[in-house]
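This report examines selected features of one protein structure for a reader who is new to the subject. It considers internal cavities first, then a group of strands, and finally one helix.

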Amino acid sequence: MNDKSAKDSHRRPGAPRRWLVRALIGLPLLLIALALGVWTSVRASLPQLDGDAAIPGLSAPVSLGRDALGTLVVEGRTRLDVARGLGFAHAQERFFEMDLTRRSAAGELSALFGDKALERDRTRRVHRLRARLTDRFEQLSGEDRLLLLAYTEGVNAGLHALPMRPWPYLLLRARPQDWTPVDSLLVIAEMYFMLQGTSFEAGFERAVLRERAGDAVFDWLSPRGGRWDAALDGSQLAPPPMPTPEQLDLRRAPAPEAPASASVPGPAASPASARAEPPVLGSNNWAVAGSRSTHGGAILADDMHLGLGVPAIWYRAQFQIGSGANGLRAAGVTLPGLPAMVVGSNGAVAWGFTNAYGQWFDWVEVPPDAKSSTHIETLEVHGGPAVTMTVSEIDGAPIVASDGDRRFALHWVAHQGAAYNLELDRMLRMRHVSDALGLAQRAGMPHQNLIAADRDGQIGWTIAGRLWAQPGLPEGFGRFVAPGAMRREWLDPDRAPQVLSPAQGQLWTANNRQLDGAPGELLGDGGFDLGARAQQIRDRLSARDKHDEASIGAIHHDDEARFMKTWAARLLAVARSDAATHPTHRAFVQLLENWNGRADADSAAYRLVRQARLRVLDTLWDAWTLPALGDRQLDPKRRIRWRNQFEYSAARALDERPGHLLPAAYASWDALLLAQLDAAAREIAPDGNLGGATWGAQNASRIQHPLAKAIPALSRWLDMPSVPQSGDSNLPHVAGPAFGQSERLVVSPGREEQGWLSMAGGQSGHPMSPFYGAGHQDWVEGKPTPLLAGPVIHRITAHRD
């Protein structure tokens, strides 16, 4: 062995150890460097808060100030300059969310998320909204086009001013595309989907149910109103006749067998997750006239109920357009992607919205020999080849559904160009309620119950959004129509229904039926909510002769469960019937007798009653629909669910106890109620600790960032803390885990300094921003966050590029 070999042999035993030591030292350093690089890249996309900025097209410098909550205070010489400033801030804080909104409406999410979004894109692309709205943009008024162009200039200036593209695109390995004016119209389209999509889907199911069950049974299963109605005109609708034994008799034959996963009549418990109130995307709003306020000014309140996320769907803003005697100040919430103030007050008029459930669509059965047009749509797919799909239309209505060999087209107001404009932006100029109502009736937007209040003390209601001239179908919700019955003409806005200066000095809406007679038929029935919320709000308003901001605002947090008390009384009566010999039922009696009648987070009684009610409604619905719908009801993907007003029919049967409508699995109506009460207790408290099964444990908030939903590991950094919540769907304080009061507004025009505006989810979409989640804790705790911006702590001065 030579000297070199001897040296190599001597070194080799220690060499691996040295490399291991170097690796152990180097790997953490590498991870630290990687984390630092990620942190630096994410931080580089932080919005600018101070200094100077360049925005094309400005006629004069614009100030973009922010207070401690991140409320944007835009000060500009003209409306177009303010739109440019708003667009700049929207892009810097919320461009990723804006991008998701336009892509969702257009069916273009696959270009960002890959093939996992293809199925959703196909369901949206069939509506061809980007193509339709590209045509619509050219038809808009010159004023609307200029406003959209100005806003677009601001958005793209804000996007390009970021040193690094918005941080979500780094994770997705994608690059944002510039904003266009058509994208803002797509934001309106996405709101149509959000606010009306469940209606037209339910409308299809109801048409199927009517055909198979017949008119008499259908009307029983889908009543239009009842004891909880709180219409503005005071109307009450007669209940439909109860089906006769000849029309529906559950004693004739046993119900068909069903898989264990299905919800069918019988005493066995099914998963608690299957028990859910049908979704109602809605809101509450209410107002009192100056004659009913302590200070002589009208007062408006509004809380819009939507899916909750991080950041909030809304963006707090305050406009100052011009200065001096001709200046205009407005405060409220904007929707990133649009230049308008959606809800707020301009010092003379305040306005707020709730969703209006009219019949804004027709389901059209396509004849087998119908001539249709076709369009080839190309769907871009991130990381993969593009995919094409063929869209078929009949007279412009896309064919989007089938039932066996039958095909159906959707004739929907959102497909019509006149359903889109920027009239809502002109609310900034309104000085009187009557003018605000007239403007709302010309607005191209999803149909809403508008309530407005003015500085003179007047209040008013109307439907915002363009209406069809033809009334809704006489049979209401649920019927297929022939192509020739498609409605095409627009109603003259002057003929739209409205209520101005009501004699009682108060107004209220909560997605319930508002009118009867000819005005009611004009709106049709798109699946109104049960009126329990509206009735409770109406009664709270009536309970005081005079209101102030505090008493009006307190209704936002009203957790009294008046509606559920009727169910508690019903269940308590049957539990008492054998409490002396049945220990479990004795425990039910004790729990229900001690209930305070509220949907409090720490209440186990409320949760038990709520769960038992849902079980009863599921049981009766399945028993009454299985004879007509058969196997369809046993398929979770095709099952038709009950809707909110089924409550009226179920409650009537429980009160009148007809033998032919009692599900065959039960010896009596009391037995049915007790079985559902027992099953509900097992569902909510599998361990037997019923007192610990509180409502807040089920109703804990889960307010997430969109990327945390896709990547759960990010939740701890991106989501809002989960907290038990009071409130529920059939009372004024609407609160669900990821759904509820997206904002709470209280304002008297001219008294904005005493106004409130609370918002869930925070202002900024950047987790390193000081405004990420800002204001959310006040919303959680129900604190009245001021409407007007506080002292400006950050300021950008924007100049023309």
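**Cavities**

The model is a predicted one. A search of the whole structure finds eight cavities of 30 Å³ or more. The largest cavity holds about 340 Å³ of space. Its lining is made up of 25 residues, and those nearest the centre of the largest cavity are Met191, Val342, Leu424, Met445 and Pro446. Two or more lining residues are given by each of helix 9 (181-213), strand 5 (299-307) and strand 9 (349-355). Helix 9 provides the largest share of this lining, namely three residues. By chemical character, the lining of the largest cavity divides into 17 nonpolar residues, six polar residues and two charged residues.

**Strand 16 and its partners**

Is strand 16 enclosed by the rest of the structure or open to its surroundings? Buried here means that a residue has under 20% relative accessible area. In strand 16 (residues 459-464), six of the six residues are buried, so the strand is largely enclosed by the rest of the structure.

Strand 16 pairs with strand 15 and with strand 18. The table sets out these two pairings.

| Strand pair | Direction | Bridges | A facing pair of residues |
|---|---|---|---|
| Strand 15 (residues 448-454) and strand 16 | antiparallel | six bridges | leucine 450 and threonine 462 |
| Strand 16 and strand 18 (residues 498-500) | antiparallel | three bridges | glycine 460 and leucine 500 |

Strand 15 and strand 16 form a hairpin with four residues between the strands. In this hairpin, glycine 457 adopts a positive phi near 95°.

**Helix 16**

The last element to be considered is a helix. Which residues of helix 16 (residues 583-593) are buried? They are His585, Phe588, Val589 and Leu592. Seen down the axis of helix 16, the buried residues fall within an arc of 100°, so they line one face of the helix. On the other side of helix 16, Pro583 and Gln590 are exposed.

Against which elements do the buried residues of helix 16 pack? Their partners are helix 15 (562-576), helix 17 (604-629) and helix 19 (669-684). Helix 16 thus presents one face with buried residues, while exposed residues occur on its other side.

How values were computed
Residues numbered from 1 in each chain as written. Predicted model: local features only at pLDDT ≥ 70, side-chain atom pairs only at ≥ 80, totals over all residues. Heavy atoms only, no water. Buried < 20%, exposed > 50% of the residue type's maximum accessible area, 1.4 Å probe, protein only. Arc of directions from axis to C-beta. Contact = heavy atoms within 4.5 Å. 1 Å grid on protein atoms, 1.4 Å probe; cavity = no way out; pocket = protein on both sides within 12 Å on 5 of 7 lines; lining within 4 Å. Points joined across faces, edges and corners; volume = space filled by probe spheres on them. Nonpolar A, V, L, I, M, F, W, Y, C, P; charged D, E, K, R; others polar. Pairing = 2+ DSSP bridges.
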